[in-house]
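Me: I'm new to this structure and would love a close look at one part of it. Could you pick out a single strand and walk me through its surroundings, with a little context on the whole protein?

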Amino acid sequence: MELMNKLREIEQSYKEIETRMADLEVANDPQEMQSLGKKHVDLTPIVDAFMQYESVLQGIKDSKEMIAGDDREMAELAKEELALLESQVEGLERQIQILLLPKDINDDRSVIIEIRGGAGGDEAALFAANLFRMYTRFAERQRWKTEIISGSETGIGGYKEIIFRIDGTGAYSSLKFESGVHRVQRVPETEASGRIHTSTATVAVLPEAADVDIEVRTEDLKIDTYRASGAGGQHVNMTDSAVRITHLPTGIVVTCQDERSQIKNRAKAMQFLRTKLYDAELQKQNAEMAAERKGQVGTGDRSERIRTYNYPQNRISDHRINLTLYKLDQVMDGDIYELIRALSDADQAEKLKMLTV
């Protein structure tokens, strides 16, 4: 009954939003229309599922009335209909419960991803480059834009560190479970004996902060410029275009040297700094809720080993949900949809379980 009352309240709010959107005065206010439009989009799946749920419940009621009637032929047909409708109830209730779960406020945001080579030297740096390609190929499949903020390359095509932005609505929702330690098992190209080596790389996925999320005071910043180094063409060592910003109260340091222009590098670095500060605040909030979210998929513990990539067996295993796939070649080319769905489903299952405890 409590669920039905809540759904009726949502349906009423939905109708009120539609009425307001049809109002000429509101229609002439782009900001108000955008706000109402987002709410309308968010509520539509819940209202649609509720209407289907109500239709099934009404069908069950009608079928039971026909079964109790005098028409035996209609009663037999109604029994078949009743069995079909009753089989749909549990699935619809679960679907509605999932739709009613509190939404992560960051799900629609773009992301900034940091990948760093871990244990394994040059092989770890090469693996970091493989992961960078995997995520950028996934972004291409999604038609999202990717831009590098900062990178430290090795001489053999790897990255000691690569920081980049993926700009796309829902990027954080798709990639938020990628944070953690990724382990690779394979024979390095430089290994003459053909022995399998194990190396690691760490990934941190940060929801991009908006200007309104974090206030950064000018007096709290120390800004340095220097000459960029590494790949990038003749301009690299010609001017002091690279920018390093230190946030004095927290000690957080960000750099950007990917652009030729110091102004563009400074703008990128400031955006990265806001994101780092926003992420630090989120991590603080998560720590305060550690007991509540213990056991959930997205704990945010970036020291946790989350996945193993085994090249000889074309196998990828996610240790948090005990999922193993034999399609590593496809995954490394950006086809990570099955992993994303499985992790999202597991997270939803954990949240539903917590609601019923």
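**A close look at strand β10**

Reply: Happy to! Buried residues make up 42% of the 357 residues in this protein, and the model you are looking at is a predicted one. Let's begin with the whole and then move in.

The protein has 10 helices and 11 strands. Its C-alpha atoms fill a box of roughly 90 × 65 × 35 Å along the principal axes. The radius of gyration is 26 Å, whereas a compact globule with this number of residues would come out near 21 Å. Of the contacts between residues at least 6 apart in sequence, 62% join residues at least 24 apart. On the outside, about 20,000 Å² is exposed, with carbon and sulfur atoms supplying 49% of that area. As for charge, there are 47 positive and 61 negative ones, and their mean positions lie 7 Å apart.

Now for the strand itself. Strand β10 covers residues 315–318. Follow its residues one by one and you will see them alternate: R315 and S317 point one way, while I316 and D318 point the other way. All four of these residues are buried.

Strand β10 has a partner before it and another after it in the chain. The earlier partner is β9, residues 305–310, which runs antiparallel to β10 and is joined to it by four bridges. If you want one pair to find on screen, try T308, whose bridge partner in β10 is S317. β9 and β10 form a hairpin with four residues between the strands. In that hairpin, N314 takes a positive phi near 50°.

The later partner is β11, residues 323–325. β10 and β11 also run antiparallel, with three bridges joining them. Here S317 turns up again, standing opposite T324 in β11. So S317 is a handy landmark, with T308 as its bridge partner and T324 opposite it in β11. The hairpin of β10 and β11 has four residues between its strands as well, and in this hairpin N322 takes a positive phi near 55°.

For a sense of scale, look at R72, which belongs to helix α4, residues 72–100. R72 counts as partly exposed because its relative accessibility is 49%, and the partly exposed class lies between the cut-offs of 20% and 50%. The C-alpha atoms of R72 and Y326 are separated by 55 Å, and the two residues are 254 apart along the chain.

Key. Residues are numbered from 1 along each chain as its sequence is written. This is a predicted model: local features need pLDDT of at least 70, side-chain atom pairs count only at pLDDT 80 or more; totals for chains, interfaces and linings use all residues. Side-chain values use heavy atoms; hydrogens and water are left out. Helices (H or I, at least four residues) and strands (E, at least two) are DSSP runs, numbered from the N terminus. The radius of gyration is taken over C-alpha atoms; the globule rule is 2.2 Å times the number of residues to the power 0.38. Buried means under 20% relative accessible area, exposed over 50%, partly exposed in between (1.4 Å probe, protein chains only). Contact means heavy atoms within 4.5 Å. Accessible areas come from the Shrake-Rupley method with a 1.4 Å probe; for residues, only the protein chains shown count as cover. Lys and Arg count as positive and Asp and Glu as negative; His and the chain ends are not counted. The place of a charge is taken as NZ of Lys, CZ of Arg, CG of Asp or CD of Glu. Two strands pair if DSSP finds at least two bridges between them.
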